[in-house]
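Please find below a note on the model under review, set out as numbered points. The sequence and coordinates are shown first, and the comments follow.

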Amino acid sequence: MENRRNSRINTYHTPKPKQYSSEEMVFGIQSVTEILRSGKDIDRLYLVKEGSFPEIQQLAFERRVTIQRVPPEKLDRITRKNHQGAICFVSSIFYAKLSNVIVGVYEKGHVPLLLVLDRITDVRNFGAIARTAECAGVQGIVIPARGAALINADAMKTSSGALSHLPVCRETNLEETVKYLKDSGIKVIACTEKTDHYLYDVDMSGPTAIIMGSEDDGISDELLRLADHHARIPLVGQVESLNVSVATGVVLYEAVRQRIFSDNEPPVDEGF
């Protein structure tokens, strides 16, 4: 029988509470309305429960910005100023369209390597993942519209500038997104402890999208069912988990290793 220690896989630590920066925050009905009109990408839009905000709601619908209805106590914790029941956070980046990213990769003659992050909520984890992903040649990161880390100054700093070069695609429904990836000829691999297959037995030399799960409970059951393959990282020490940013690095660089020794990718620079 296999040693149980060898079968342990990445289960991720619960993230710290989110920290908000006043530089990225817009509050008040008129201010939120104007920022929605401006066309800037919005990371979060909070409206107080039971409140009526017809213009904000219409603009959010047109811009495909997800509204989160919250109790007044949550808004009061974010700011003590007169928010009038409406607060939003402006993204530090412009979000890319996934279809454009995929088409661009194929048009350049490259083999897609994409990263899907299922509810990664810790800002520094996200920044570290983005840094590793950019170094590993990932062409795009996909995040959900709800339940993802706020892309703020901390995320930008932790990424060491990677987020200025790496497209991030924000999708309303990750299940539909995974189906779209598969229809686009991209193999979807879920990194999970719920499998007997090791990471090193899965072919990632072709078009590949890798799903990494949340720090709290991993990949959702819905996405696990949709994935083409499940893969786990063998753990042989006493600690039973890896930080999700570290686990992502392990998975991505196995993909890099496979691609270096395949004919699918052009030669890699020595500095890679």
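Is C135 buried, partly exposed or exposed?

1. C135 is partly exposed, with a relative accessible area of 40%. By contrast, C88 is buried, at a relative accessible area of 1%. In these terms, buried means under 20% relative accessible area, exposed means over 50%, and partly exposed lies in between, with a 1.4 Å probe and protein chains only. A search of the whole structure finds zero disulfides, a disulfide being a pair of cysteine sulfur atoms within 2.5 Å.

2. On the basis of the comments: this is a predicted model, in which local features need pLDDT of at least 70 and side-chain atom pairs count only at pLDDT 80 or more, while totals for chains, interfaces and linings use all residues. Residues are numbered from 1 along each chain as its sequence is written, and side-chain values use heavy atoms, with hydrogens and water left out.

3. On the overall fold: the chain contains nine helices and ten strands. Helices (H or I, at least four residues) and strands (E, at least two) are DSSP runs, numbered from the N terminus. Of the 272 residues, 49% count as buried. Where contacts join residues at least 6 apart in sequence, 79% of them are between residues at least 24 apart; a contact means heavy atoms within 4.5 Å. The accessible surface of the chain is about 13900 Å², and carbon and sulfur atoms contribute 48% of that area. Accessible areas come from the Shrake-Rupley method with a 1.4 Å probe, and for residues only the protein chains shown count as cover.

4. On the salt bridges of helix α1: the structure holds ten salt bridges, each defined as a side-chain nitrogen of Lys or Arg within 4 Å of a carboxyl oxygen of Asp or Glu. One of them pairs E34 with R37, with the closest N and O atoms 2.6 Å apart. These two residues are three apart in helix α1 (residues 29-37), and are therefore separated by about one helical turn. E34 is partly exposed at 36% relative accessibility, and R37 is partly exposed at 45%.

5. On the link from α1 to α2: R37 also forms a salt bridge with E55, where the closest N and O atoms are 2.1 Å apart. This pair links distant parts of the chain, since R37 belongs to helix α1 and E55 to helix α2 (residues 54-63), 18 residues apart. E55 is partly exposed, at 41% relative accessibility.

6. On a further salt bridge: the side chains of R124 and D154 meet at 3.7 Å, N to O. R124 lies in helix α5 (residues 123-135) and D154 in helix α6 (residues 153-158), so the pair ties together parts that are 30 residues apart in sequence. D154 is partly exposed at 29% relative accessibility. Elsewhere, salt bridges with shared partners join E34, R37 and E55 into one network.

7. On the two sides of α2: which residues of this helix are buried? They are I56, L59 and A60. Seen down the axis of α2, its buried residues fall within an arc of 100°, so they line one face of the helix; the arc is that of the directions from the helix axis to the C-beta atoms. On the other side of α2, P54, F61 and E62 are exposed.

8. On the surroundings of α2: its buried residues are covered by elements including α1, β2 (42-48) and β4 (86-90). Just after α2, R64 adopts a positive phi of about 60°.
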